[in-house]
Amino acid sequence: MQEKKWKLVLSKVSRDYTGNGNEEPVNVLNNLNLKVEEGEFISIVGPSGCGKSTLLDLLAGLSQPSSGEILVDGQPTSETAVRCGMVQQGYALFPWLTVRENVEFPLSLRNVPKEERRQISQRELRKVFMEGYEDRYPDELSGGMRQRVAIARALASDPPFLLMDEPFAALDPETRATLQDELLHITSTTNKTIIFVTHDVFEAAALADRVVVMKANPGTFREVVDVTVPWPRSIATLRDLPELREITNYIGKLIHREQPAAYEEEISDLAVI
Ligand SMILES: Nc1ncnc2c1ncn2[C@@H]1O[C@H](COP(=O)(O)OP(=O)(O)OP(=O)(O)O)[C@@H](O)[C@H]1O
Ligand SMILES: [Mg+2]
């Protein structure tokens, strides 16, 4: 039998943050193990502060594990630059570049000719409904608009490995649903491996092959849930699919088990209504 082609392998990965002074190091991520196949879509959910963004930084090679190993395409992230697209939480754009220049920036690093760069940026900005804003600067845009530019920038370089940290958090529901459909389309038609962080359990399950549910203090993988809904998928049909609802209910319970206080509050809110 042919060996599976692992895009990403995490073995016993831990990450500590050391304080500035004489503070004890804080163990943020503890003993993470996961294998991701090429072309898989993995969602990550878990309470605030459980280490999701910390994990994405590790996957991008922006920081290194305190112990354990991360292999991307069989290579340790410390030894080769990880070739990935990334939408960071807070949609970090370059404030001194226009919308168009932001989207074209990764392409210019790769010496893509100007004409082609222009075509790609037009196409990706159209997909995120940002046509007409090409010459604006980030501080002239709303949060949701900035987020869409960051998504266009990540998609423009057509990366085989895409890391997205709450990319749709600031979007209105309609734009969000359209971009979720765009991601479903990308997943069905390309072989990209996508790691997607979200607080929205429906979004996590709707888009993913598997959902990694994390718990906090220290951040660990509580459970990896298979989303057994066939592809291709569309957001409109997924909303009413009993099979998906069952999976999201299950994931919701796993997360709430981590936040009993918050859950109680939610229930008492409901009781008031
Ligand atoms: N540079 C840093 N130095 C020290 N501690 C840090 C640093 N960055 C993050 N942390 C701590 O690591 C933990 C995990 O943070 P992280 O941002 O990864 O969480 P998260 O799961 O992405 O949360 P959220 O859902 O709110 O985005 C938090 O307790 C945070 O305070
Ligand atoms: Mg985060």
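Q: How many aromatic pairs does a search of the whole structure find?
A: The model is a predicted one, and the pairs are counted from ring centres that lie within 6.5 Å. Searched as a whole, the structure gives a number of aromatic pairs equal to four.

Q: Are the rings of Phe94 and Trp96 stacked, tilted or edge-to-face?
A: The centres of the Phe94 and Trp96 rings are 5.4 Å apart, and their planes meet at 40°. Planes under 30 degrees apart would count as stacked and those over 60 as edge-to-face. An angle of 40° therefore makes the pair of Phe94 and Trp96 tilted.

Q: Is Trp96 buried or exposed?
A: The cut-off for an exposed residue is a relative accessible area over 50%. Trp96 has a relative accessible area of 59%, and therefore counts as exposed.

Q: How many residues apart in sequence are the parts that the pair of Phe94 and Phe105 ties together?
A: The rings of Phe94 and Phe105 have their centres 4.8 Å apart and their planes at 65°, so this pair is edge-to-face. Phe94 belongs to the loop between S6 and H2, whereas Phe105 belongs to helix H2, so the parts that the pair ties together are separated in sequence by 11 residues.

Q: Which residue has its charged end over the ring of Phe94?
A: Phe94 is partly exposed, at 25% relative accessibility. A charged end sits over the Phe94 ring at 5.3 Å from its centre, and the residue that supplies it is Arg153.

Q: Which residues coordinate the magnesium ion (ligand 2)?
A: The donor atoms are an OG and an OE1, at 2.0 to 2.2 Å from the ion. One of the two residues lies in helix H1 (residues 52-59) and the other in the loop between strand S6 (85-87) and helix H2 (99-109), so the pair ties together parts that are 36 residues apart in sequence. The residues that coordinate the magnesium ion are Ser53 and Gln89.

Q: What is the relative accessibility of Gln89, which coordinates the magnesium ion?
A: Ser53 counts as partly exposed, with a relative accessibility of 25%. Gln89 also falls in the partly exposed class, which runs between 20% and 50%, and its relative accessibility is 44%.

Q: How many of the eight residues of H1 are buried?
A: The buried residues of H1 are Lys52, Thr54, Leu55, Leu56, Leu58 and Leu59. Helix H1 is therefore largely enclosed by the rest of the structure, and its buried residues number six.

Definitions and conventions. Residues are numbered from 1 along each chain as its sequence is written. Chains are lettered from A and ligands numbered from 1 in the order in which they are written. This is a predicted model: local features need pLDDT of at least 70, side-chain atom pairs count only at pLDDT 80 or more; totals for chains, interfaces and linings use all residues. Side-chain values use heavy atoms; hydrogens and water are left out. Donors are N, O and S atoms within 2.8 Å of the metal (3.2 Å for Na, K and Ca); water is not among the atoms, so sites may look incomplete. Helices (H or I, at least four residues) and strands (E, at least two) are DSSP runs, numbered from the N terminus. Buried means under 20% relative accessible area, exposed over 50%, partly exposed in between (1.4 Å probe, protein chains only). Rings of Phe, Tyr and Trp (its six-membered ring) pair if their centres lie within 6.5 Å; planes under 30 degrees apart count as stacked, over 60 as edge-to-face and the rest as tilted. A charge sits over a ring if NZ of Lys or CZ of Arg is within 6 Å of the ring centre and within 35 degrees of the ring normal.
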